[in-house]
Amino acid sequence: METFQILSGTAKAFPTLLTIDNLLYAVIGLSVGITWGAIPALSSTMAMALLIGFSAALEQHTAIIFLLAIYSGSVYGGSISAICTNIPGTPAAACTALEGYPLFRKGEGGRALGISIAASTIGNLFGALILILFTPFLLKLVLHVGAWEISLLGLWGVMISGSVTSQDSVAKGWLSGLIGLALSFVGMDAITGTPRFTYEIGFLYGGLNFVAILIGVFGFAEIARGLLMENDADVPPLENRVTISMTTLVKNWVNILRSSSIGAIIGAIPAAGADIAAFFSYSVSKRSASSSERELFGKGSYRGIIAAESANNSSVGGSLLPLLVLGIPGSTVAAAFMGAMNLQGIHMGPMIQISHPGLLEFIFASLITISILMGIIALAVGKVAIALLSVPRTVLLPCILPICVMGAFAAQNTVGDIYVMLIAGIAGIGLVASGFPLAPIIMGVILGPLVDLNFRRAMIIFQDATFFDVLFRPIGLTLILIILVTLVTGLRRQIKIS
Amino acid sequence: MSFVVQSIILIAGLLIAVQSIYYLREPIVTSPGILPLVVAMAIVVISGILLVFDFLGGRYSIKHGYQWLTSAANRAKIGRISGWLGLASAYAITTPQIGFTWATLAFLIIALKIFAGLNWVRTMIYAALVATIVPLIFHYVFSAIIP
């Protein structure tokens, strides 16, 4: 029943959505996102981070469609440089590079790009569909979730993001998450009004601006990392037109469905994101391939491209699921989207249907529209993105710093945010150089207020309850067990690494 | 590098823990200092354990640190990153003082000359284009206020 209501609500949202302004910003968002994602060293999170501040000035609906277009576009864009230069534009396109570049060298670049566009579009649509189907069900379930459970969920979100994003040390991932949590405590306490860690500095009373930290960590620090990267790759011209082979798509329909499902599920895990979805789906696709198909993997397999691209794009919808229902983002880009919505006065979570009726349906309709538009825009701007690949990184990256400065300032029009961005960026460089993942910091900063407020709210509610009354609440107990499992598996991995 | 960063995190954790105690009040579980204290303690414990294990595993040694610092590749990287940090910091600090356009123009002229090695004409053209067109785009497309 609820699913039907949501579906009809989504259909009704289209007239609101399909205005010239909204469509124009969707096209701008997709073009910027695809081009941005195509350039190695410029990530999807960076694109979102830099544009959040500016989106604050846009009308609510326009800001949503614009940011979702950037998100979807930048996830796809990574495959362009992956196929044409063997350097993935985003980490999510690493598997696409393994298969796409050999095809490009064989003179099948146009067909490989076409297949990646089609797989990305279908993956995006599938992710949107999963989002539409599961949101009503989860919203119903969330009615039984109280402040205690929300605080545990937030804590788990920070922990799991630390576990999945750290490569050489789980403990470093958790430390990053804790640093993010600590940063989120700066400012006036929402319950008692006590200023915390403000040291009588005016702009700190409102808390550290999330957008400035995000730009510092994923903009400033990433530019520095990009400047240290090896020389730019040569970009040979595309020998043939971009064409979509329907035969290959039809032959791979099971692969597309499976990969899109994997992408949507992994996308819903906090901080797991598009890259893990693509890697996992690629390896499943390789394992399930026939021996003749498996031989093609690594030498140019369309099956591999389809698996990676449909998974990384369907993770977009998946990552929005926990965000819309619980207020817990499924990826750093979704966290950035959450920050942008906060600037618009929209607070995601269980009460979204009551506080902003019709907004969920608008988001669903936007995702469907963007998925369809993406196929068209990708075909149109693909060549521009390929041309931009030949601009040396040392020219491009310094030109992005002014956008970082403007983006940090634009969120609240505060000069202090420029300094916050600078400090966060310098700290980010040090942390990356020492093997600390940056995504958990963002998860910590965005989920910190949720954990803090709900934990203390729960303690006020339970002040007359016994310890066991709190412990044995069914959903709370399940979450505690999940946190313990995450902790134990993380510790086991850490010991193994050590 | 890792040793320095982990030590800074440990010290920061200790400072946050001490500061958090000032925010504790009755009832403790709902006071504004409780979660900052718990988080700070966790930071101290995890970073402390990491430092101890790295020491015991022989990851930190003066010889290793000296070798890292004196290797030609690392020295080039450190030089490049220090140059970038100095220039970018100067740009971010001077922007509110002298205005976005002039600060951007000066920053890009220096950055493009040093990092990209472009000739003067191209450097000036790129710097002038970015310093003028980028704020115009953001102003008209997003109604952004330019710092």
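The dialogue below works through the fold of two chains and the contact between them.

Me: What should be known about the origin and numbering of this model?

Reply: The model is predicted: local features need pLDDT of at least 70, side-chain atom pairs count only at pLDDT 80 or more, and totals for chains, interfaces and linings use all residues. Residues are numbered from 1 along each chain as its sequence is written, while chains are lettered from A and ligands numbered from 1 in the order in which they are written.

Me: How many helices and strands does chain A have, and how is its radius of gyration to be read?

Reply: Helices (H or I, at least four residues) and strands (E, at least two) are DSSP runs, numbered from the N terminus. Chain A has 21 helices and two strands. The radius of gyration is taken over C-alpha atoms, and the globule rule is 2.2 Å times the number of residues to the power 0.38. For chain A the radius is 22 Å, close to the 23 Å that the rule gives for 498 residues, so the chain is as compact as a globular protein of that length. The C-alpha trace of chain A spans about 70 × 55 × 50 Å along its principal axes.

Me: What does the radius of gyration say about chain B?

Reply: Chain B has six helices and zero strands. Its radius of gyration is 23 Å, well over the 15 Å from the globule rule for 147 residues, so chain B is more spread out than a compact globule.

Me: What share of each chain is buried?

Reply: A residue is buried if 20 or more other C-beta atoms lie within 10 Å of its own, exposed if 12 or fewer, and partly exposed in between, with C-beta atoms placed from the backbone. In chain A, 61% of the 498 residues count as buried; in chain B, 28% of the 147 residues do.

Me: How many residues does each chain give to the contact between them?

Reply: Two residues are in contact if their C-beta atoms, placed from the backbone, lie within 7 Å. Chain A and chain B each contribute 50 residues. On the side of chain A that touches chain B, H17(A) gives the most, with 11 residues.

Me: At what angle do helix H17 of chain A and helix H6 of chain B pack?

Reply: Axes are lines fitted to C-alpha atoms, for helices over the stretch in contact, and angles run from 0 to 180 degrees between N-to-C directions. H17(A) (residues 393–410) and H6(B) (residues 120–142) pack at about 35°, their axes 11 Å apart. From H17(A), the contact is made by A:Val395, A:Cys399, A:Pro402, A:Ile403 and A:Met406; from H6(B), by B:Tyr126, B:Val130, B:Val134 and B:Phe138.

Me: Why can residues three or four places apart point the same way?

Reply: An α-helix has 3.6 residues a turn, so residues at that spacing share a direction.

Me: Is B:Leu108 buried or exposed, and which residues does it contact?

Reply: B:Leu108 belongs to helix H5 (residues 100–116) of chain B. This residue is buried, with 25 other C-beta atoms within 10 Å. Beyond neighbours within four places in sequence, B:Leu108 contacts A:Pro398, A:Cys399, B:Tyr126, B:Ala127, B:Val130 and B:Ala131.

Me: Against which helices do the buried residues of H18(A) pack?

Reply: The buried residues of H18(A), including A:Asp417 and A:Leu431, pack against H7, H8 and H17 of chain A together with helix H1 (2–22) and helix H4 (72–98) of chain B.
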